[in-house]
Amino acid sequence: MDKFDAIVVGAGPAGCATAYTMAREGLQVLVLERGKYPGAKNMWGGAFFGPVMEEIFPDFWKEAPVERSVSRHTISMLTEHESLSFDFRSDRADKNHGFIILRAKFDQWLAKKAEQAGAIIATSLEADDFLYEGGAVAGVKVGSESFPASVVILADGANSLLAAKAGLRKEFGLHDVKQGVKEVIQLPREVIEDRFGLQDDEGAALEFIGSCTRGLPGGGFLYTNHDSLSVGVVVQLAAVGEQKVKASDLLEDFKNHPLIQRYISKGKTVEYSAHLIPVTGVKILPTFAKDGILITGDAAGLVLGTGLILEGANFAMASGVAAAQTVIKAKKAGDFTTKALDHYEGLLKSRFVLKELNAFKRAPEFLENERIYNTYPELLCSAAMKMFENDGTVREGSFKTLMGSMKGKISIWQLMKDAWMAKESL
Amino acid sequence: MKVEEKLALNKFEIDKEVHITVDESKCRECNMTVCVYTCPADCYVLRDQHITFSYEGCLECGSCRIACDKGAIKWVNPRGGFGISYQFG
């Protein structure tokens, strides 16, 4: 078999970005995807920021299978019966506010782009081991078949089996990942636009904390697709195991919450999906390069989670491009050793990828504070309940009402500590 | 809506080759049942104090692989082309 310049494992955003960038420079690139088609194994919440996508494919949204572009973004705190929301809308929202996208369509489009640039995309092939030459990775194996290459780029996602096999990182622990579960619920597009106050291709990205995870670290989400909704829950895997709460049950509770129930009413569930998200940022970063191998995207743990932001695909694509630039340089020099491939980490450091992960390095710890998911939503919803009611008794000022709601739930000291931690982490 | 009803909506190509094997002797020494709760597809069920397992509805998230610290779960991906195929994702 011919030796490829590079073999990419996984045809998701990281894999396709890296394959496209290398193929465009004339490198011989093979992408191995274990699904029947690119995207077959992939899911996400649904909102996507596209600056790197835009760098690679200017005006991509005009052509790519984008469901809607985000013009409304809400963050809501939920208790069992109440919700209190921060609702941002803009009729000036542009491409920088993100897009809502479904992976099965999008990843296929992206892979097609890499293919048009000259990469070979081979589906239904599961790379399960490496070829070695003098201790350096020299390709991959698919069962008994060998695929030699000068370099292998891992882009096989959060549940990468090859990352640990290559000795690039330890397995993620229970505290390092969140589990996302999601349903795609079909509704006519006019109903979606009416319910969420949208016009044409405008989209809404709704995020929730509080009772949707029964106070456990995580949250709920609802994104409007063209003619369906993506409704799901993300929860820390450690909490699921310790508290013996299933994410699938949380999702049912979430769907039955009075606020959500009205949004999804009369909809028809057409798919149920689940995935892991690495969330502890710099704590779980891998060895980015070894002789003949690089690691990108979720497989490398390159996800930014700050509570307000949960961003993986944009990071994945940036790491894919950086890996490609490294390999292009390495090919020119004819050197694929660790020393040459270490250039990759330098590129990640010089871009937002490692800069932002470092800037928010305390966020994962802050986000383990259960008061965020429990005490604060309850406190603020009960204060709102009081402020917006008149039961005939003499009313107190808003500040006093808020202080009254805090009584027995949280001390001023804890509140100040949490506020300080928030300032330091976010 | 039950998990099994949801899974019935998904497209699976089920392989004859099993991609997850569970060493039940190790499960007998474990009362954590962390696999039962972390699996979003209810592949692990506790019946009469025994873990029973089926791989057919596996969504390939890898949660159980990370969660089981008894080394009872042996996990490989389904062979290429088999397992879940998301239509939406």
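Helices here are DSSP runs of H or I covering at least four residues, strands are runs of E covering at least two, and both are numbered from the N terminus. By that reckoning, A:Arg371 falls in the loop between helix H13 (363-366) and helix H14 (375-387) of chain A. This is a predicted model, in which local features need pLDDT of at least 70 and side-chain atom pairs count only at pLDDT 80 or more, while totals for chains, interfaces and linings use all residues. Residues are numbered from 1 along each chain as its sequence is written, chains are lettered from A and ligands numbered from 1 in the order in which they are written, and side-chain values use heavy atoms, with hydrogens and water left out.

A:Arg371 is buried at 18% relative accessible area (buried is under 20%, exposed over 50%, partly exposed in between; 1.4 Å probe, protein chains only). Neighbours within four places in sequence aside, A:Arg371 is in contact with A:Tyr376, A:Pro377, A:Ile410, A:Gln414 and A:Asp418 (contact meaning heavy atoms within 4.5 Å).

Now for the rings. The whole structure holds 17 aromatic pairs over all chains (Phe, Tyr or Trp rings, the six-membered one for Trp, with centres within 6.5 Å; planes under 30 degrees apart are stacked, over 60 edge-to-face, the rest tilted). A:Trp61 and A:Phe99 are stacked, because their ring centres lie 6.2 Å apart and their planes meet at 20°. A:Phe99 is buried at 3%, whereas A:Trp61 is partly exposed at 27%. Both belong to one aromatic cluster, which also includes A:Tyr20 and A:Trp44.
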